[in-house]
Amino acid sequence: KIFHYVLEQMKINPAEGLHTGDSLSADVGGARGVGLDALWLVRPADQPLYDEEKLKLAPSGATVQINSLDGVLEYLGLEK
């Protein structure tokens, strides 16, 4: 519901948006569920906490993984 609410409030078409979050199931799965593109943020120090793929909580399809918020700029082809 939060994704729909934000898209509506910002008057953004999901195809025009990008969500970045550290939960593969909630952030990436939720964003994809409303049609947003999504990046999975996994900082190197946090990697042991992220077993969602092993637990099969991961959304289907390829997931772009970044290890810092600078990765968003790289994904978009922008320099920091």
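User: Which residues make up the largest nonpolar core of the chain, and which helix gives the largest share of this core?
Analyst: In this predicted model, where local features need pLDDT of at least 70, side-chain atom pairs count only at pLDDT 80 or more, and totals for chains, interfaces and linings use all residues, the core is a set of buried Ala, Val, Leu, Ile, Met, Phe, Trp, Tyr and Cys residues joined through side-chain atoms within 4.5 Å, buried meaning under 20% relative accessible area, exposed over 50%, and partly exposed in between, with a 1.4 Å probe and protein chains only. Residues are numbered from 1 along each chain as its sequence is written, and side-chain values use heavy atoms, with hydrogens and water left out. Ten residues make up this core, namely Phe3, Leu7, Leu24, Val28, Ala31, Val34, Leu36, Ala38, Trp40 and Val42. The elements giving two or more residues to the core are α1, α2 and β2, and the largest share, three residues, comes from α2.

User: In what order do the helices and strands of the chain run from the N terminus on?
Analyst: Helices (H or I, at least four residues) and strands (E, at least two) are DSSP runs, numbered from the N terminus. By this count the chain has three helices and three strands, and their order from the N terminus on is α-β-α-β-β-α.

User: Why do the buried residues of α2 line one face of the helix?
Analyst: Helix α2, residues 24–33, has Leu24, Asp27, Val28 and Ala31 as its buried residues. Seen down the axis of α2, these residues fall within an arc of 110 degrees, taken from the directions from the helix axis to the C-beta atoms, so they line one face of the helix. An α-helix has 3.6 residues a turn, so residues three or four places apart point the same way. With contact meaning heavy atoms within 4.5 Å, the buried residues of α2 pack against α1 (2–10), β1 (18–21) and β2 (37–41).

User: Is Asp27 buried or exposed, and which residues does it contact beyond its neighbours within four places in sequence?
Analyst: Asp27 lies in helix α2 and is buried, its relative accessible area being 18%. Asp27 and Ala38 are eleven residues apart in sequence, and their C-alpha atoms are 7.7 Å apart in space. Leaving aside neighbours within four places in sequence, the contacts of Asp27 are Phe3, His19, Gly21 and Asp22.

User: Which residue that is not a glycine has a positive phi of about 55 degrees?
Analyst: Most residues other than glycine have a negative phi. Just after α2, Gly35 takes a positive phi of about 95 degrees. In the loop between α1 and β1, a residue that counts as exposed at 73% relative accessibility has a positive phi of about 55 degrees although it is not a glycine, and this residue is Lys11.

User: How far apart in space are Lys1 and Gly30, C-alpha to C-alpha?
Analyst: Lys1 is placed in the segment before α1 and counts as exposed at 89% relative accessibility. Lys1 and Gly30 are 29 residues apart in sequence, while the C-alpha to C-alpha distance between them in space is 8.9 Å.

User: What percentage of the 80 residues of the chain count as buried?
Analyst: The chain exposes about 5,600 Å², of which carbon and sulfur atoms supply 54%, the areas coming from the Shrake-Rupley method with a 1.4 Å probe, where for residues only the protein chains shown count as cover. Of the 80 residues, the share that count as buried is 26%.
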